[in-house]
Amino acid sequence: MKQIHAKFVLAATLVAAGVVPTGVWAQTARSPVAPRRELVESVVREAYEKFRSDTSGKNADYIPYLAQVDSKMFGIAIVTTDNQVLTLGDVKYSFSIQSISKVFTLALAMEELGPDKVFAKVGSEPTGRPFNSPLAVVDMPSHSGNPLVNAGAIATTSLISGQNAGEKWKKILDFYSKAAGEKLVLIDEVYKSEAATNTGNKALSMLLAKYDRIYADPFESVDIYTKQCSVGVNATQLARMGATLANNGINPATGQQVIKSEDIPHILSTMTMAGLYDGSGGWAWHVGLPAKSGVGGGIVAIAPGKGAIAVFAPPLDEAGNSVKAQEVIEYVAQRLNYNLYSPTSVGLK
Ligand code: GLN
């Protein structure tokens, strides 16, 4: 017993001195960043410098508004579970949250219906196909696939209760704002641009209706879904939304329990499985953190118990995931040893 205590004191001292940056002893530290703040800052700066001139990838252009967003913009934000904030680059620009919204509508649906009903009504299987695939709706036994592809997300949005579309939309926006700890607003131009061109999503909603896998009016649900995708966030707000997931559903800035603690494992596992669509397997292999991307150029990754990193850079790869955001998060996660599956990160080595 004495020995354990001595070991604990020694560990705490070493961690406090910054001598032991990771591993089992680091878990005795109070803060997920301090006393490593300098290390985290320098790793983020390294990542920023290393990848800032990478011009690969291309802005999404199937939503006309997104094609003309400055593709050189690049911002990184980290928010920890004890509400420390680290930012670099274009972290004030408000971009459309796009598919990252799906995570939070899933959380709201579980809040209203409980996880079992959401699982039964939407499913949670990877599609292995692009995020907007109608073939997946036809082929998959669940039809909706999972809450993070378009079909499953539209089905999830259709589960949100309300007297009318306006009430449902307000509930969704308020919920996102609570997760961000700030009032979020719709970017009207993005909404109009997407609403004028979203025939593919309307088709998905009708296919879902054919299989009885949508739970409100299909086109009304697509419209609310389109609005939720057009919510503006900056990288810091997005990182705070992620930190709320990392912090057991409690927003670290406001202290409010936004998402039920028991829903968090369902959300994080769904993100691991489908957060980067058909790039999710490679992401799990290389990075090992639940994450979610959006075609607006944002990705947020969650280090449970520690915090979240959000990166914004518009050019996307073939699967629709920001190229630079993937590079930065992979680099930072490796350097700081955040991979959930690594023995070191859970203190076994
Ligand atoms: N609003 C976009 C769509 O429905 C979201 C897609 C995405 O971010 N991957 O296509």
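Helices (H or I, at least four residues) and strands (E, at least two) are DSSP runs, numbered from the N terminus. The model on screen is predicted: local features need pLDDT of at least 70, side-chain atom pairs count only at pLDDT 80 or more, and totals for chains, interfaces and linings use all residues. Residues are numbered from 1 along each chain as its sequence is written, and side-chain values use heavy atoms, with hydrogens and water left out.

**Stop 1: Tyr338**

Select Tyr338, in the segment after H15. Tyr338 is buried, at a relative accessible area of 13% (buried means under 20% relative accessible area, exposed over 50%, partly exposed in between, with a 1.4 Å probe and protein chains only). Now show its contacts (heavy atoms within 4.5 Å). Neighbours within four places in sequence aside, Tyr338 touches Arg36, Gly288, Leu289, Ala303, Lys306, Ala333 and Ser345. Add Ile302: its C-alpha is 9.3 Å from that of Tyr338, with the two positions 36 residues apart in sequence numbering.

**Stop 2: the largest cavity**

Stay on Tyr338 and turn to the cavities. On a 1 Å grid over the protein atoms alone, a cavity is a set of points where a 1.4 Å probe fits but cannot get out; a pocket is an open set with protein on both sides within 12 Å along at least five of seven lines; lining residues have an atom within 4 Å of a point. Grid points are joined across faces, edges and corners, and a volume is the space filled by probe spheres set on the points.

The structure holds three cavities of 30 Å³ or more, and the largest encloses about 140 Å³. It is lined by 17 residues, with Ile78, Ala303, Gly307, Ala308 and Tyr338 closest to its centre. Colour E1, strand E6 (298-303), strand E7 (307-312) and H15: these elements each give two or more residues to the lining. By class, the lining of the largest cavity has 14 nonpolar, two polar and one charged residues (Ala, Val, Leu, Ile, Met, Phe, Trp, Tyr, Cys and Pro count as nonpolar, Asp, Glu, Lys and Arg as charged, and the others, Gly among them, as polar).

**Stop 3: the second largest cavity**

Select Leu66, Val69, Phe95, Ser96 and Gly296, the closest to the centre among the 14 lining residues of the second largest cavity. The space here is about 90 Å³. Helix H3 (64-67) and strand E3 (95-96) each supply at least two residues of this lining, which has ten nonpolar, four polar and no charged residues.

**Stop 4: helix H2**

Select residues 37-51, helix H2, with 15 residues. Which of its residues are buried? They are Val40, Val43, Val44, Ala47, Tyr48 and Phe51. These residues cover an arc of only 140° around the axis, so they sit on the same side of H2 (the arc is that of the directions from the helix axis to the C-beta atoms). Their cover includes strand E1 (75-80), strand E2 (85-89) and helix H15 (323-335). Rotate to the face turned away from the buried side to find the exposed residues Glu38 and Lys50.

**Stop 5: the second largest pocket**

Select Ala60, Leu316, Asp317, Glu318 and Gly320, the nearest to the centre of the second largest pocket among its 15 lining residues. The volume of this pocket is about 250 Å³. Its lining divides into seven nonpolar, four polar and four charged residues.

Technical notes. Expected span 1.5 Å × (residues − 1).
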